[in-house]
Amino acid sequence: MKKLRRKVYMVAGYNTISMGSGRKEFHPKKERPGLEDYIKEAGQGVLKLIGGAGNVDECVIGNFMASRFNRQANLAAFFPYIDEGLRYKPATRVEGACGSGGLALISGIKSILAETAEVVLAIGFEVQNTVKAIYCADFLAPAGWAANRKDGHAYFFPGQFSERAGAYFEKFGRETTRKAFARWYRNAIENARLCATAQEYHNTTKDLEAAAMVEPNPKAFLENLTALDCSKVSDGASAIAIMSEEGLKRCGIPVSDAIEVVGYGQVEEDITKPPPDKTALTTMKKAVSEALESAGITIAQVATAEVHDCFTVAGIMAVEALGLAASGKGPEFVLEGNTARDGKFPINTTGGLVGWGHPTGGTGVHMAVTLLEQLKGKAGASQVVIPVDRPYGLMANMGGDDKTLVAIVFKA
Amino acid sequence: MTYEERLQHVSVLGAAGKMGSGILLLTAVEMADLSLKAGNKGKTFVLNAIDVSDEGLAGVMRYLKAQILKIAEKKVHALRAMYAEHHDLIDNDEIIARYIFDVMNVVRPTTRLEAAYDSNLVFEAIKEDSALKIRIFSQINQNNPKQPWFFTNTSSIPITVLDEGAGLGGRIIGFHFYNPPAVQKLVEVIRSKQTLDEVNDFALAYAKNLRKVVVPARDIAGFIGNGHFMRDILYAVDVIHKLMDMGMSITEAIYAVNKVTQEFLVRPMGIFQLIDYVGVDVCGFIMFVMNPFTKDEEIHSKLLDKLLGQGVKGGQYSDGSQKDGILKYEKGKIVAVYDPLKEMYIPVSEIQSLVDEKLGAMPAAPAWKSVVGNKAKDDILKPYFAQLRSATSAGAEIAREYVRKSNEIGWRLVANGVAFNDADVNTVLLTGFFHAYGPINEYLD
């Protein structure tokens, strides 16, 4: 992939709380904000930082399944609800399952590159606690191939990744891998405890790794994963502004406040086919290598990454897809502490999907917001060290079982 | 007749009642699961929900729907396998909705007793009245050519009385669910003098499929559960009189005994709260039924009679919340105690500190919640009871005597042949009453 023909920046990120079980204020039977409230909060959060709706040329919103969770479609029409100043402006809704947020970013980047816009407001969201987990599983299943649903697990996606975990156990050994899952979980929760918007912010479990090492119970849930290996059901929205240099000028924002999009990879795999290798995220690997290549850097120059750990096993495989560890060596890399916040390559510094939460259509945008904060030294208690010789951040957002992939490289 | 054939035509009598609706639910689920087995395609499964109240039957159908939904959500994984051949059912919600329909579809609500004339098996959960039960059993037995089996949920009437009274020739067994049947794991199984082996075998198989814990009891009025509970109540009333002799008012004494039995005996609720939960009227009625069968022992409480005479009944609202009884409740908390002398409730705030003062210093008791279900509960209970043993206050003395009395009631049930062994008595109290420890123990020895 060629270098970008124009400079693209991201700035002014905003995350709502990732609401759901684990948050003290969450009660499944109490009334909660609707999708319109989440969209509005995140959108207004960004508009405040960029001088208002008048500065926005285009809008894009990523969402997976509001049509079922909230009985709502036609989501682009919520932009004028955020601010009347967005009325009559072009807006698009994009969908690529849990990769919808990443697609929203890519859509915005392309509008800047195409010079149809100088300022794009990008939002991603999902409001999922409208139904119990067992029905949530129904609503999320279309991220996979519908023809496989009938024979699939009641919890369809967790079932698919449980199969991946089983394959990984068989090929590379169960014990070390499960220990690495537990470490991944611990890192996720410890990071989330430092981020006030994280779903696991209130988590008080003392021995996290011991909790995560409890054996899976296939009768109650899955064969190879426990509930702690899974990201939770979340309500949340994230938003960010995507701008050209001209856009930054218009908004009065110095370039030094923004991060630059220096490369990206957008990759699709055939949804009707099973993964070529259950023990690897091959599409993610492709997207990441394209992103790094277009940025003209190697993974060794990256300081931190946000990866799509919808399940701990996906986190381990993502480590390998990024090129940080060879195939089968992800568990050791994690167990050596490399991905912890004080490790040599901190990953998911606000908790990732397991710790911060996974409002499916919002996750890609949340990744960009986290990297913006980290690379600009504005991550507060979550801040990790960004070495001056490695001023890059990488995100890898995945839709479905390694089908829709967006990887973006940012420069501080 | 096989297990499955037996369950192809069943009736529940008193199906709209609290126990009957639970039995109906569990049986409907078991029958529907059988009907969904691959080999049973085309076979019919019929469950008559028989009750005198049309309104009650309408309510029980709503109850069934809500409960089956919960059950289906819990076992959706198994349901996906059961409906694997139904290619039109793909999402969990479609499968759950179909299962609810399939379970409801075996149930036939009716107010006509005649429906039971075709049944192979009749569950009975009507009023605790032996004459009424005998009359209905006889009527069904005489009109039903299938020689039906009768499963009675009586908690107190000897099964032999019903068997002989209705001329059933051993086609009856006591199958005593605990309240609520859908939740409580315990079933007491009681054979009459003549209960046929095959009836007993079926009862055990059925209980196993419902994942119930079976405790066999001998056919002596009250069996194990009420055998302990009713005597426990009578002892509590004795203690009240003792405390009143020592200068406490009746409300203070009730409050004190309730507090001691809950907190210092580490039980889920105090004895008077439990009476309210079951119903003062139900307790009185069980005693009335048991008393004629208990020689050398008076199972009867004048205090309960007096309370009932004043309309103090307890029991629960249809949503499961507690009605006021001997105690008055607000959001599940005890806020007042009934005074049968003044015929009014006295607020707990007026009693509490006086009672605490009179009970004196008590060892810190572990919370019931922290003990029940705790695998290492002996490590909590032993040191607690050791402290209780050496405590000198009046309250500690009451608690110790109470523990010893409960122990005595327990071993007497074994000595009198109601229970087969100590372990069975303890299982009933642990499982059916959610006690944290069995009454037969050595904590104070």
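## Salt bridges, domains and a chain interface

Across all chains, the structure holds 38 salt bridges. Please keep in mind that this is a predicted model. With that said, let's walk through some of those pairs, then turn to the contact between chains A and B, and finish with the two domains of chain B.

### Charged pairs within the chains

Side chains of opposite charge can pair when their charged atoms come close. A good place to begin is chain A, where A:E215 forms a salt bridge with A:R174. Their closest N and O atoms are 2.8 Å apart. This pair links distant parts of the chain, with the two positions 41 residues apart: A:E215 is in the loop between α8 (208–212) and β5 (235–243) of chain A, while A:R174 is in helix α7 (residues 174–192) of chain A. How accessible are the partners? A:E215 counts as partly exposed because its relative accessibility is 48%. A:R174 also counts as partly exposed, at 34% relative accessibility.

Helix α7 of chain A takes part in another such link. A:R186 forms a salt bridge with A:E209, and here the closest N and O atoms are 2.5 Å apart. Again distant parts of the chain are joined: A:R186 is in helix α7 of chain A and A:E209 is in helix α8 of chain A, 23 residues apart. Is A:E209 buried or exposed? With a relative accessible area of 17%, A:E209 is buried, since buried means under 20%. Its partner A:R186 has a relative accessible area of 30% and is therefore partly exposed.

Chain B offers a pair as well. B:D324 forms a salt bridge with B:K328, with the closest N and O atoms 3.5 Å apart. B:D324 is partly exposed, at a relative accessible area of 30%, and B:K328 is partly exposed too, at 27%.

Here are these pairs side by side, together with one that joins the two chains.

| Salt bridge | Closest N and O atoms |
|---|---|
| A:E215 and A:R174 | 2.8 Å |
| A:R186 and A:E209 | 2.5 Å |
| B:D324 and B:K328 | 3.5 Å |
| A:R149 and B:D91 | 3.6 Å |

### Where chain A meets chain B

Now to the interface between the chains. In this contact, 12 residues of chain A touch 15 residues of chain B. Together the two chains bury about 1,100 Å² between them, with 46% of that area on carbon and sulfur atoms.

How many salt bridges are counted between chain A and chain B? The count is 3. One of them is formed by A:R149 with B:D91, whose closest N and O atoms are 3.6 Å apart. Both of these residues also belong to a network of salt bridges that links A:R68, A:D138, A:R149 and B:D91.

Polar contacts add to the picture, with 14 residue pairs found across the interface of chain A and chain B. On the side of chain A that touches chain B, helix α5 (residues 133–140) of chain A gives the largest share, 4 residues. By class, that side of chain A has 5 nonpolar, 2 polar and 5 charged residues.

### The two domains of chain B

Chain B is assigned domain 1 (3–217) and domain 2 (225–432). The C-alpha centres of these domains lie 33 Å apart. Their contact takes 20 residues from domain 1 of chain B and 16 residues from domain 2 of chain B.

The two domains bury about 1,400 Å² between them, 65% of it on carbon and sulfur atoms. Which residues of domain 1 supply the most? B:E128, B:S156 and B:V215 supply 25% of the area that domain 1 of chain B buries against domain 2 of chain B, more than any other three residues.

Across this interface there are 0 salt bridges, but 4 residue pairs are in polar contact. On the side of domain 1 that touches domain 2, the elements giving two or more residues are β7 (186–191) and β8 (213–217) of chain B. Of the elements, β8(B) gives the most, with 4 residues. That side of domain 1 divides into 10 nonpolar, 4 polar and 6 charged residues.

Note on methods:
Residues numbered from 1 in each chain as written. Chains lettered and ligands numbered in written order. Predicted model: local features only at pLDDT ≥ 70, side-chain atom pairs only at ≥ 80, totals over all residues. Heavy atoms only, no water. Domains from an automatic or database assignment. Contact = heavy atoms within 4.5 Å. Buried area = accessible area lost by both parts, 1.4 Å probe. Salt bridge = Lys/Arg side-chain N within 4 Å of Asp/Glu carboxyl O. Polar contact = N/O pair within 3.5 Å; in protein donor to acceptor, adjacent residues only side chain to side chain. Nonpolar A, V, L, I, M, F, W, Y, C, P; charged D, E, K, R; others polar. Buried < 20%, exposed > 50% of the residue type's maximum accessible area, 1.4 Å probe, protein only.
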